[in-house]
Amino acid sequence: MTDWIEPCARETGPAYSSEQVELGRKLVARDDLLTSEKQRTRLEIGDLLLDVAPMGNEEPSNGSRDLIRAFAADIGMTAEMAREYRGVAAGCDSALRQALVESDVTVSYSVVREAALGFSLPKETREAENALGREERARRPQDRWEILLRMLQEPGRRRVTAQEFRAAIGARPIPNSASAMTAEKIVEQLDRPDIRSAVMASVMEPAFLVEAFAADPMVELKIRDSLAQVAQVIGNRESASAPEETDERLVLQFRRRVNLLYGLVEMHPEQIINIADEDMLNDLEKACEGVVHWAQRLHSARTSGQAGVR
């Protein structure tokens, strides 16, 4: 999502409760950690923002902008993202959400955002929509939702990609999205969170794995090679190549654990405190002490040339 932002100092008290701030911080942390639940998490963040700053007839107003900006800073996200999540949540009512939950078709947050906001529609189209009367303006997102609901009913469909849905509603393609890139360009930009997230969402889709393994017996080795490239991109470029006799699966598993450690230490302490209970925090502190001792032993073994010493 974003780096942690310290709460803003104000002369007057905020127009929202400390409980809402705590919930918002937990949801932001969940969005960072559970990439497979981004649609649900971001809708919940949007619902919380609607509780803090309900939609009014004159939207957006200066008052709502200031309130959203302040609350977003307190929970650790940008005001721009907060406005987006709030608008998406407002445009995705309970009946639509239920339809998405009950469908067997995978629908990403990006698709929901397109249906609710027409996020990628040409600028002149969005400006023309904003100039319409209230009833006609409300009908445009309804038309987009109807297109999506029809796509969910198509026989044999397993997922609706953002690119497919943008094409269906006449929106522009997003040149920087992973699905619009060549394989080589994707590998070059895997250090970008949005690209990495899109790639992992596709790779971890069970239907994709079943089809891939059935189509090509060598695909497992290809996926391993791709994951190895991911590890190199996000922090292991300096690691030495493993000995030929070493099982490549063991090396790959070790790289994954190193990457998990990178992900943990990149979290801001306040985020961890808002997620973990006391027992977990105590375990984390003990684990960190163990890591320090282990790192010293590793350094000693490397400098003495005794990498095999336990």
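**Buried charged residues, helix H6 and salt bridges**

The side chains of Arg166 and Gln163 are joined by a polar contact of 2.8 Å in this predicted model. A polar contact of 3.2 Å also joins the side chain of Arg166 to that of Ser120. Arg166 belongs to helix H9, which spans residues 162-169. With a relative accessibility of 5%, Arg166 counts as buried, since the cut-off for that class is under 20%. Arg166 is also one of the residues in contact with Arg113 once sequence neighbours within four places are set aside. The other residues in contact with Arg113 on this basis are Glu84, Val88, Gly118 and Phe119.

Arg113 itself is located in helix H6. The relative accessible area of Arg113 is 13%, and the residue is therefore classed as buried. The surroundings of helix H6 as a whole were examined next. Helix H6 comprises residues 109-117, and because 7 of its 9 residues are buried, the helix is largely enclosed by the rest of the structure. The buried positions in H6 are Tyr109, Val111, Val112, Arg113, Glu114, Ala115 and Ala116. Arg113 and Glu114 are thus among the buried residues of this helix. Just after H6, Gly118 adopts a positive phi of about 60°. Gly118 is also among the residues that Arg113 contacts.

Helix H6 packs against helix H8, which covers residues 134-152; the two axes come within 7 Å and cross at roughly 145°. On the H6 side, the contact involves Val111, Val112, Glu114, Ala115, Ala116 and Leu117. The residues contributed by H8 are Pro141, Arg144, Trp145 and Leu148. In terms of residue class, the contact between H6 and H8 contains 8 nonpolar and 2 charged residues, with no polar ones. Of the H6 residues in this contact, Val111, Val112, Glu114, Ala115 and Ala116 are listed as buried.

A further buried charged residue is Asp74, which lies in helix H3 (residues 62-75). Its relative accessibility is 6%, so Asp74 is assigned to the buried class. The side chain of Asp74 makes a polar contact of 2.8 Å with that of Tyr16. Asp74 and Ser18 are 56 residues apart in sequence, and their C-alpha atoms are separated by 9.8 Å in space.

Pairing between charged side chains was then considered. Side chains of opposite charge can pair when their charged atoms come close. The structure contains 12 salt bridges. One of these is formed by Arg42 and Asp31, whose closest N and O atoms are 3.2 Å apart. This pair links distant parts of the chain, with Arg42 in helix H2 (residues 38-52) and Asp31 in helix H1 (residues 18-33), at a separation of 11 residues. Both partners, Arg42 and Asp31, are buried.

Helix H2 also holds the salt bridge between Arg40 and Glu44, in which the closest N and O atoms are 3.1 Å apart. Arg40 and Glu44 are separated by about one helical turn, because they stand 4 residues apart in H2. Arg40 has a relative accessibility of 42% and is therefore partly exposed. Glu44, at 28%, likewise counts as partly exposed.

A salt bridge also joins Asp47 to Arg97, with a distance of 2.7 Å between the closest N and O atoms. Distant parts of the chain are linked by this pair: Asp47 is in helix H2, Arg97 is in helix H5 (residues 94-102), and their positions lie 50 residues apart in sequence. Asp47 is partly exposed, with a relative accessible area of 26%. Salt bridges with shared partners connect Arg30, Glu37, Arg40 and Glu44 into one network.

Confidence was assessed along the chain. The mean pLDDT is 75, and 65% of the residues reach 70 or more. Confidence is highest in H2, at 93, and lowest in helix H12 (residues 206-215), where the mean is 58. Residues 1-11 have a pLDDT below 50, and beyond near neighbours in sequence this stretch makes 33 contacts in the model. The pLDDT is also below 50 over residues 237-246, a stretch with 3 contacts beyond near neighbours in sequence. Where pLDDT is low, the predicted coordinates should not be read in detail.

Methods: Residues numbered from 1 in each chain as written. Predicted model: local features only at pLDDT ≥ 70, side-chain atom pairs only at ≥ 80, totals over all residues. Heavy atoms only, no water. Buried < 20%, exposed > 50% of the residue type's maximum accessible area, 1.4 Å probe, protein only. Helix = DSSP H or I, 4+ residues; strand = E, 2+ residues; numbered from the N terminus. Axes fitted to C-alpha atoms, helices over the stretch in contact; angles between N-to-C directions. Contact = heavy atoms within 4.5 Å. Nonpolar A, V, L, I, M, F, W, Y, C, P; charged D, E, K, R; others polar. Polar contact = N/O pair within 3.5 Å; in protein donor to acceptor, adjacent residues only side chain to side chain. Salt bridge = Lys/Arg side-chain N within 4 Å of Asp/Glu carboxyl O. pLDDT = per-residue confidence, 0-100.
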